[in-house]
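Trainee: Could you take me through a close look at one loop, and then show me what else is worth checking around the chain? I'd like it all in one go, please.

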Amino acid sequence: MKAYRILVSGIVQGVGFRPFIYRIAVKSNVYGYVKNLGGSEVEIKIIGREENIGKFFSLLFSKIPPPAKIEKILIEEDNVQDIHEFKILPSGNVVNEPSQIPPDLSICDDCLREILDPKDRRYKYPFNSCAYCGPRYSMLYKIPYDRENTAMRDFPLCDKCKAEYEDPENERRFDAQGISCPICGPKVFLSTSDGEIIQDKDPIATAAKLIEEGYILAIKGIGGFHIAANPFDDDVVIKLRERKNRPQQPFALMALSVDVIKKYAEVSQLEEELLKSLERPIVLLRKKEDSEISKYVSPYLDREGFFLYYTGLHYLLLDNLKEKISIMTSGNKHGLPMCTDEECVKTKLKGVVDYILYHNRKIVNRVDDSVIRISSGRIMFLRRSRGYAPTWIRIKRKLRKVTVAVGAELQNVGAVAFDDKVILTQYIGDTDELNTLEELEKYIKFFLNTYHLTPEVIVADKNPAYQSTRLASKLSEEYSAELVQVQHHLAHGLSAMAEYGLNDAVGIIIDGIGYGDDGNGWGGEVINIKDHGEKYSREYHLKYVPYTGGDINSLKPDRMLALFLSTFMNWNEIQNYVKLSDTELKVLEYQTRKNRLFTSSTGRFLDSISALLDICHYRTYEGEPAIKLEAFARNGKLLDFEFPIINNEIDTTAAFKWIIENGIQDKPSIAYTIQYELGKALVRAALKLNPEKIVVSGGASVNEYILKGMIENSEGVEILTQSKVPPGDGGIALGQVYYISEEK
């Protein structure tokens, strides 16, 4: 007889791993136990004959449940005990090997089949889940992942569910912590926006009917509330925009199937795989020309965000809609976190929604939907959240000190890191808002507490005006931790390098504005990065132009256009090309004379081109003028223009001269050419540094045409883009952590 103690880490709690171990142990005729531990890891002890133990290991590695993932397994010979059965033991709180907190998983086919089977006892039950699917992180108070540590502790198992829970032969429900049924599980309610309950036998079907009739509903999901509305009715969409004070920002659409989506958008094989994945992100797809979706859903854009249902509640709601598709946008006020409870909806969404479809299971952790797009055949995160967070990212270097990174400011994400693991929080949002900043601190501390960590280093951006930088100072004092600040664009480059385990690289960083080492606003840089950021030099950048007025320039692209034109025109001439009042133009001229601040921002350059081509004159959401410029370039062709590189500057003002001298005709081709040639110019500059690899990061790196210009002109040097975290500020915390890392 032999005995072994096995410690397994990865994603092994909340994914049916313990019952799986039980079944293969019984099948292999080995004795012992399995139990969850306090770091989200699993401990196993097996005792048996060598041939039986061999069979156990063979089954362990060949039959692992689909959502489970073994990252590390420690096996040591142990003493043989007088045990003659195999048990699932109560969880322990000891942390032997930190493991991953499971993310939320979309409903599986088996659970959906039960919901749709009139003979099944879970027929039309919207919260059906099993060992392989359902909410996890969003309902988790603490680890280990046991029912009493989740929001399901409010719903004791009924006799039938308990029998399933205790039945080793029931593969999907034996020891599954989140299971329930119509008798013992959460319930659905429909109410008015004031909270008055509407008595109804089928509130989900009634909610669908209300959507069809043109009402706007708040729908409680697993990570927060959505707002649902009819996407085919222009009046309804316009009404939603007015109520939500969201004049242009696109709404996402949730559909019942990929076939439904294909009526309105082009779907590649890769995009279909993403749509159907367990994570179920929103995928930005190219609209079909003849789409019947209201043009007000995503005005002036060539892509629309689609995703599939990921809970039974969503499926039942969509199935009751005639066209099987609905607007399903975040249930929040602009700039604020998404609502996670009914009280928030009744107060903060008062006047926005007409009715509320909700349930009585608490949302413990807010988790927004993830958003992905494909650019030049590459997967690009715009937001990494539900389905992906809080799984960690392993880096090829080591952290000798526990590190917290607070990210940047807009669309922010934080991180807690130790050893070679970086745990990025879910999408937090714009931390210039106090409520959102508090959420960032809350989730950083959640992970510190979960993994029993005390931070020794806090990493922040160098921008002293960021609220996150102030949070970093506060955390540094609170934990007596060292405070380290990393330049914004260096952190972007390091974020990309972390994905590939690089120590040295040339980085092309293109985004909005970041605080530069010279005090100016950087945003279009070619940086030579050595020794994972210990040494770096800014070798090339977009031409500096005056940056008078600060953030208002991002709201009003015509101001930036005027500032670009001011580098080669007088102010009387400028007024012929910008939509600014005479007074505003005079004030701008006056301020420019005193200006001491300059910018090399890619975002502001694209904004200005967007204004000059009469595409966008006012920004109502992050990146709007540049996003619309990209959409406008669809079907454009490449014209005869090239950006000069003079000394260490890419002369962006040449683009304005070229457009004005040649007349503003064939705007799609002008838009296409400017973006493609910008990518080409950036890669030409990077190639002057003889790089082995070029990493590309920053929010503008998702631009299809800029990226194409880089890839097609890289002279065989590999262009590396990010696929694990957003290249925008949502991924910057990874780069901040990487800066602190050391050789293994």
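Mentor: Sure, one term to begin with: helices (H or I, at least four residues) and strands (E, at least two) are DSSP runs, numbered from the N terminus. What you're looking at is a predicted model, in which local features need pLDDT of at least 70 and side-chain atom pairs count only at pLDDT 80 or more, while totals for chains, interfaces and linings use all residues. Residues are numbered from 1 along each chain as its sequence is written, and side-chain values use heavy atoms, with hydrogens and water left out.

Now find the loop between helix H6 (234–244) and strand E9 (253–255), where Asn 245 sits. Its phi is near 55°, a positive value in a residue that isn't glycine. Most residues other than glycine have a negative phi, and most peptide bonds are trans.

Speaking of peptide bonds, the one from Ile 143 to Pro 144 is cis, with omega near 5°. Pro 144 belongs to the loop between H3 and H4. Ala 389 and Pro 390 are also joined by a cis peptide bond, with omega about 10°, and Pro 390 lies in the loop between strand E15 (378–383) and strand E16 (393–405).

Go back to the loop between helix H3 (109–115) and helix H4 (159–165), as Arg 121 is there too. Arg 121 forms a salt bridge (a side-chain nitrogen of Lys or Arg within 4 Å of a carboxyl oxygen of Asp or Glu) with Glu 164, the closest N and O atoms being 3.2 Å apart. Glu 164 is in helix H4, so to speak at the far end of a link between distant parts of the chain, 43 residues apart. The whole structure has 54 salt bridges, and another one pairs Asp 517 with Lys 462 at 3.0 Å, N to O.

Next, look at domain 3 (390–503 + 727–740) and domain 4 (506–721), with bounds that come from an automatic or database domain assignment. Their C-alpha centres lie 28 Å apart. The contact (heavy atoms within 4.5 Å) takes 24 residues from domain 3 and 29 from domain 4. One salt bridge is counted between these two domains.

Last stop: the axes (lines fitted to C-alpha atoms, for helices over the stretch in contact, with angles from 0 to 180 degrees between N-to-C directions) of helix H18 (602–612) and helix H20 (653–662) come within 11 Å and cross at roughly 10°. That makes H18 roughly parallel to H20, a label for angles under 35 degrees. Phe 605, Ser 608, Ile 609 and Leu 612 of H18 meet Ala 655, Phe 656 and Ile 659 of H20.

Conventions. Angles under 35 degrees count as roughly parallel, over 145 as roughly antiparallel, 65 to 115 as roughly perpendicular and the rest as oblique.
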